[in-house]
Amino acid sequence: MSLYLIIDILGTIAFAISGVLTAMHKRLDLFGIFIIAFVTAVGGGTLRDLLLDSPITWMRNMTYIYVIFSAAIFAIIFRNKLNYLRGSLFLFDTIGIALYTLVGIEKGIQMDLHPIICISLGTMSACFGGVIRDILCTEIPIIFRKEIYATACILGGIFYFLLSLTTLDFNWIVIISGSVVITVRLLAVRFQLSLPSVYKKEEPNL
Amino acid sequence: MSLYLIIDILGTIAFAISGVLTAMHKRLDLFGIFIIAFVTAVGGGTLRDLLLDSPITWMRNMTYIYVIFSAAIFAIIFRNKLNYLRGSLFLFDTIGIALYTLVGIEKGIQMDLHPIICISLGTMSACFGGVIRDILCTEIPIIFRKEIYATACILGGIFYFLLSLTTLDFNWIVIISGSVVITVRLLAVRFQLSLPSVYKKEEPNL
Amino acid sequence: MSLYLIIDILGTIAFAISGVLTAMHKRLDLFGIFIIAFVTAVGGGTLRDLLLDSPITWMRNMTYIYVIFSAAIFAIIFRNKLNYLRGSLFLFDTIGIALYTLVGIEKGIQMDLHPIICISLGTMSACFGGVIRDILCTEIPIIFRKEIYATACILGGIFYFLLSLTTLDFNWIVIISGSVVITVRLLAVRFQLSLPSVYKKEEPNL
């Protein structure tokens with residue numbers, strides 16, 4: 001089993017569990033919980049593939065369904081114990097978004113798209129599952145409000161294209177830009193960084 | 001006019017009317033009411049066809065537009081009398097989801113997809129119009145919260161594939177698995193069944 | 001630079017700025033503001049292209065990204081001064097929806113679709129960016145609730161097809177039906193027209 005596949009599965013697990021937790025917070029029923037787990041895990045990639053007119057991965061490869069289903073069952077049963085896994089889940093999620101960002105970028109490059117579009121596709125793959133999760137739970141998407149999350153993906157993507165201008169070996173480009181995503185995300189959470197606010201203190205609502 | 005077409009039209013009418021009622025509950029204007037009626041009726045099939053990269057049915061066959069428009073006008077005018085039709089509408093809706101489930105499954109089979117994916121496509125065809133309706137009205141989708149609805153479609157789909165393993169005639173497979181959807185839904189509503197709760201009484205929100 | 005392109009860019013600017021204002025009203029962060037500006041500007045056309053299985057315009061033409069990004073930066077910085085531009089923005093928005101309506105209609109005609117579907121595609125191109133904007137901000141879409149907005153697009157579309165039955169020159173058909181969209185919208189806002197209400201005064205909620 002390749003490293004790629006292992007990371008993909010760990011990321012899928014982390015995403016599915018975050019879906020379960022959001023769904024249970026909203027007191028959805030079993031069906032609702034599974035659907036939210038599912039869209040959180042595959043929503044970003046599905047949107048990317050629809051825009052690229054590519055085949056949808058999870059429709060042809062059953063691994064995703066099995067992994068998401070098992071992760072959801074696990075998360076429902078052990079929901080009160082998940083706190084102990086918090087660190088691991090955060091790590092899976094973080095290396096997951098690094099991977100999805102790179103996969104999205106490479107799909108864009110294969111289609112001969114502009115680097116900015118490729119980075120957008122990468123960020124979308126990594127982040128839009130969470131956007132769809134929040135919308136289905138009628139919450140304003142959390143990545144629009146706080147946390148350096150998408151920004152980590154965008155910075156990783158910029159590194160990817162900057163390094164491509166050098167003579168660096170392809171594997172190193174992937175490793176370094178993936179590490180940028182992970183490092184930015186870890187630092188942001190560790191030091192509670194957020195994007196510079198565009199609002200002045202006490203500025204009234206527009 | 002084939003039985004298939006009649007069921008499809010009755011289902012479309014029931015879906016459109018449920019859209020009108022949700023939209024009017026939210027006090028939308030005429031345009032909003034029509035749009036909600038429309039997405040409730042065709043949203044699930046459209047999502048399925050986008051995922052399958054198939055042509056969108058309602059864009060090539062005007063019947064749907066005319067039926068939805070007429071049903072919406074009817075529902076707006078007679079909204080205070082619709083209670084008398086409650087039973088019929090519920091029946092139309094129920095045989096409608098049975099049909100859409102089977103149509104979705106068969107589209108999946110034609111594309112050589114795994115049975116689990118086919119059942120998902122069937123359930124999506126039947127249920128996601130209502131999901132989009134609720135999201136456009138900023139409600140958490142009702143099928144994620146209560147009622148055996150999607151579950152009836154999933155059980156019907158499982159029967160479809162189990163029966164396919166037998167030597168049973170195709171027409172009987174369709175009739176029996178469609179009846180499973182309808183029966184499960186009728187029993188669930190009659191006896192107010194819902195999915196087993198995953199929440200303990202008084203369990204605080206996650 | 002063709003007149004077509006100028007109108008397209010002015011419309012994109014107006015749409016992006018309306019996205020920024022909605023996002024800032026919800027106190028989204030920088031990333032959220034850009035995403036909302038972007039989907040407001042390109043969401044309607046993207047949905048149309050997905051339904052038509054056409055390539056997505058903004059993925060192949062970087063102009064949109066640059067224009068939206070610049071407009072968003074501008075709107076964030078000068079948000080307290082935008083009131084002075086209110087008239088211009090309203091005008092850009094209005095000629096923008098006229099243009100998008102016509103583009104959507106012509107895409108539909110090229111695919112040999114029924115006039116009603118073409119008008120729907122035109123209206124969708126013009127209006128659904130705003131619908132996605134509102135949904136991502138968990139508001140019921142404003143065009144479902146008030147204002148003659150979609151209705152102006154629909155009326156312009158009807159004129160387009162009625163005039164096509166005459167011997168009128170194509171350029172005149174475009175100019176007249178575009179003017180219908182603009183005029184209806186201007187009159188509706190000037191005289192605060194809205195669709196005839198389907199609700200009786202004091203009618204209780206359904």
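**Contacts and symmetry of chains A, B and C**

Between chain B and chain A, about 2900 Å² of area is buried. Carbon and sulfur atoms give 67% of that area. The model is a predicted one. The size of an interface is often given as the accessible area lost when the parts come together.

The contact draws on both partners. Chain B contributes 36 residues to it, and chain A contributes 31 residues. For chain B and chain A, the rule finds zero salt bridges across the interface. Polar contacts do occur there: four residue pairs qualify, with both residues at pLDDT 80 or more. On the side of chain B that touches chain A, three helices of chain B give two or more residues. They are helix H2 (30-52), helix H6 (115-136) and helix H7 (150-164). H6(B) provides the largest share of that side, eight residues. By class, the residues on the side of chain B that touches chain A are 24 nonpolar, four polar and eight charged.

The relation between these chains was examined next. Two copies of a chain are related by a rotation about an axis and a shift along it. For chain B on chain A, the turn is 120 degrees and the shift along the axis is 0.0 Å. The RMSD of this superposition is 0.0 Å. The two copies are thus related as by a three-fold rotation axis. Within chain B, the C-alpha of Thr138(B) is nearest the axis, 3.6 Å from it. The copies use different surfaces, as 11% of the contact residues of chain B recur in chain A.

Chain C was treated in the same manner. A rotation of 120 degrees, with 0.0 Å of shift along its axis, superposes chain C on chain A. Here the RMSD is 0.0 Å. Thr138(C) comes closest to the rotation axis among the residues of chain C, with its C-alpha at 3.6 Å. Again the copies use different surfaces: 13% of the contact residues of chain C recur in chain A.

The interface of chain C and chain A has its own makeup. Contact involves 31 residues of chain C and 36 residues of chain A. The two chains bury about 2900 Å² between them, with 67% of it on carbon and sulfur atoms. Three residues stand out on the chain C side. Arg27(C), Phe31(C) and Met59(C) supply 24% of the area that chain C buries against chain A, more than any other three residues. Between chain C and chain A the count is zero salt bridges. Four residue pairs are in polar contact across this interface, both residues being at pLDDT 80 or more.

Five helices of chain C each supply at least two residues of the side that touches chain A. These are helix H1 (3-25), helix H2 (30-52), helix H3 (57-60), helix H4 (63-77) and helix H6 (115-136). The largest share of that side comes from H2(C), with eight residues. The side of chain C that touches chain A has 20 nonpolar, five polar and six charged residues.

Annotations were then set against the model. An unreviewed UniProt entry carries the annotation "domain: Glycine transporter" for residues 6-79 and 91-163 of chain A. Residues 6-79 of chain A are 84% helix and 0% strand, with end C-alpha atoms 24 Å apart. Residues 91-163 of chain A are 77% helix and 0% strand, and their end C-alpha atoms are 25 Å apart.

The unreviewed UniProt entry also has the annotation "transmembrane region". In chain A this covers residues 6-23, 30-47, 59-77, 84-102, 114-136, 148-166 and 172-191. Over residues 6-23, chain A is 100% helix and 0% strand, and the end C-alpha atoms are 26 Å apart. The span of residues 30-47 of chain A is likewise 100% helix and 0% strand, with end C-alpha atoms 25 Å apart.

Methods:
Residues are numbered from 1 along each chain as its sequence is written. Chains are lettered from A and ligands numbered from 1 in the order in which they are written. This is a predicted model: local features need pLDDT of at least 70, side-chain atom pairs count only at pLDDT 80 or more; totals for chains, interfaces and linings use all residues. Side-chain values use heavy atoms; hydrogens and water are left out. Copies are superposed by least squares on the C-alpha atoms of residues with pLDDT of at least 70 in both. Contact means heavy atoms within 4.5 Å. Buried area is the accessible area (1.4 Å probe) that two parts lose on being put together, summed over both. A salt bridge is a side-chain nitrogen of Lys or Arg within 4 Å of a carboxyl oxygen of Asp or Glu. A polar contact is a pair of N or O atoms within 3.5 Å; within protein, one must be able to donate a hydrogen and the other to accept it, and residues adjacent in sequence count only if both atoms are side-chain atoms. Helices (H or I, at least four residues) and strands (E, at least two) are DSSP runs, numbered from the N terminus. Ala, Val, Leu, Ile, Met, Phe, Trp, Tyr, Cys and Pro count as nonpolar, Asp, Glu, Lys and Arg as charged, and the others, Gly among them, as polar. UniProt positions are given in the numbering used here, feature names are shortened, and annotations may be inferred rather than shown by experiment.
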